[in-house]
Amino acid sequence: MARTRDESSPLFAGNPAGTLRLIMYLALALVLMVLDQRNGWLWAVRNSAALVVEPVYRLAGLPSAGVRMLATAFADRQSLTGQNQRLREDLLLANAKLNRMAAVAEQNAHLKQLLDTSHSLELKVQLAHVIGVDLGAFRYRLTLSLGARDGVTPGQPVIDAHGVLGQVSEVLPTTSVVMLITDPTHALPVVVERTGVRTIAYGSRDGSSLTLPDLPLAANVRAGDRLLTSGIGGRFPSGFPAGTIRSVQPAPGGAFLLAQATPAADMDRADDVLLLHDLADPQGPPAPEKPAGPPADLAPASGSGAVGHVPPERAGAAPAAAARPTSGARL
Amino acid sequence: MSRPHAGNWWFGGTLVLSLLLMLIPLPDALEPSKPYWPALVLLYWTLESEGRVTLGLAFVLGLVADVLVGMVLGEQALRLCALVFIATRFRARLRLFPMWQLTAAVLALLLNDRLLLLIVRMLSGGSLPPASWWLSPVVGAALWPFVFLLLDDLRVRARIQ
């Protein structure tokens, strides 16, 4: 163990060359971080390194998959039978409900047709498995086993059997990363089911609840109210369960109510999730009409400013909070 | 000829293993207490093997870890560089420490590492992590003697064979 001391590792004084190298590397790291924040280099690097990164994810996901398999293999017969029984009862109940709903849905479709709207109750979904990889983000992210090759695109909503789970934030060729709605940098436009109050649900620090910080003092909201997605912003379709209000109290500033909600989706135990394919119906002001008039090249050059040609905006342009760009979501 | 070769393979293998261990998830209850494995393994090699771990190597390993984790490019490179620099600077003294003192030193290093991470995350617009987040360096330090002895034992055996 003991070795003779040599020049390169002095007992007390450090050599200045080493300090210089440290400063150089630290500066390099800082520059990289800043440039990455600005330009999103990391995604470019990850995309080109996907051939290496993805097998590593699969490899790292093996232990948790193995544990899950062992749990199934060694589960005793009785618990499996019980689970099976419960699932069958659930299915029976769900089917009964569906049958009753079918008539209503048909009626709804008919009425919608009369009203000339194209809102459809059908869902186009894709089943994805969760890969058990820890991405060190205080558990605000999930890794899915589907990627760009399967048609996954950034911004796609992800749900499970109970409600909204999150949205796809990054896509690699055969895997994708989901940002959960409990991420503090995530915002979800919601509506209170009982009263129709619209607000925005943010993630929270502990990663297991939703925060609604800007409810008006007069808003009719109380514990136990269910939250649904409102569809405003055009990213999440409307009508999916988002959570249940747990507590309501005045915000520290006194001008708003602050509510905490429990997410409806099973954040911790999601093994299989659904990727929604049909995008939400845009709700919001319609796109401005193109001003009618002579073509631009015929219009008088000086007077055209008075007309104020507004470029047509995308219908349902998201409110700033509703759909933040992924660059702001990477934390 | 083959012995230094095998040593290099073993060295690289432990580093790759540490990256994999970093990615493998733990059950929910244990999740916050997961140690930062690359730091522990790098510390071991810094203390035990003269000149093998350089700042450049720490930087490259950190970059690879950043690409794998996908948070901020350069974050872990910065942390590992700082860690290796401190460990190299005090290497001669740390090697003389008895195990409990060395463990305390490792705890200080890991706490310092978490502090750096916190600063980086706050600067890049993150929110304050929950209190359980600070459990990881403590668990890392508690595991240090075992990691140290295990790696040392394996290394000695590999040399003998």
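In the predicted model, helix α4 (residues 75-89) of chain B packs against helix α6 (residues 99-123) of chain B at an angle of about 150°, and the two axes lie 10 Å apart. Angles over 145 degrees count as roughly antiparallel. The helices α4(B) and α6(B) are therefore roughly antiparallel to each other. Their crossing is right-handed. On the side of α4(B), the contact is made by Glu75(B), Leu78(B), Arg79(B), Ala82(B), Leu83(B) and Ile86(B). On the side of α6(B), Leu109(B), Asn112(B), Asp113(B), Leu116(B), Leu117(B), Val120(B) and Arg121(B) take part. Sorted by character, the residues of this contact comprise 8 nonpolar, 1 polar and 4 charged.

Aromatic rings were examined next. Over all chains, the search of the whole structure finds 6 aromatic pairs. One of them is formed by Tyr25(A) and Phe59(B). The ring centres of Tyr25(A) and Phe59(B) are 5.2 Å apart and the ring planes stand at 35°, so the pair is tilted. Tyr25(A) belongs to helix α1 (residues 16-39) of chain A, whereas Phe59(B) belongs to helix α3 (residues 55-69) of chain B, so the pair joins two chains.

The strands of chain A were then considered. In one barrel of chain A, 6 strands close in the order β1-β2-β5-β4-β3-β12, with antiparallel pairing. From one strand to the next, the twist averages 45°. Within this barrel, strand β1 (residues 125-131) of chain A pairs with strand β12 (residues 272-276) of chain A in the antiparallel sense, over 5 bridges. Along this pairing, Gln126(A) stands opposite Leu275(A) of β12(A), and Leu127(A) stands opposite Leu274(A) of β12(A). Strand β1(A) also pairs with strand β2 (residues 141-144) of chain A, again in the antiparallel sense, here over 2 bridges. In that pairing, Val130(A) has Leu144(A) of β2(A) as its bridge partner. Strand β12(A) is in turn joined to strand β3 (residues 157-159) of chain A by 2 bridges, and these two strands run antiparallel. The bridge partner of Ile159(A) in β12(A) is Leu274(A). Leu274(A) thus appears in both pairings of β12(A) described here, opposite Leu127(A) and as the partner of Ile159(A).

A further barrel in chain A is closed by 6 strands in the order β6-β7-β8-β11-β10-β9, and its pairing is antiparallel. Neighbouring strands of this sheet are turned against each other by 40° on average, with direction ignored. Strand β6 (residues 187-192) of chain A and strand β9 (residues 226-229) of chain A, which stand at the two ends of the written order, are joined by 3 bridges and run antiparallel. Within this pairing, Val190(A) has Thr229(A) of β9(A) as its bridge partner.

Note on methods:
Residues numbered from 1 in each chain as written. Chains lettered and ligands numbered in written order. Predicted model: local features only at pLDDT ≥ 70, side-chain atom pairs only at ≥ 80, totals over all residues. Heavy atoms only, no water. Pairing = 2+ DSSP bridges. Helix = DSSP H or I, 4+ residues; strand = E, 2+ residues; numbered from the N terminus. Axes fitted to C-alpha atoms, helices over the stretch in contact; angles between N-to-C directions. Parallel < 35°, antiparallel > 145°, perpendicular 65-115°, else oblique. Left-handed = near helix turned anticlockwise from the far one by under 90°. Contact = heavy atoms within 4.5 Å. Nonpolar A, V, L, I, M, F, W, Y, C, P; charged D, E, K, R; others polar. Phe/Tyr/Trp six-rings, centres within 6.5 Å; stacked < 30°, edge-to-face > 60°.
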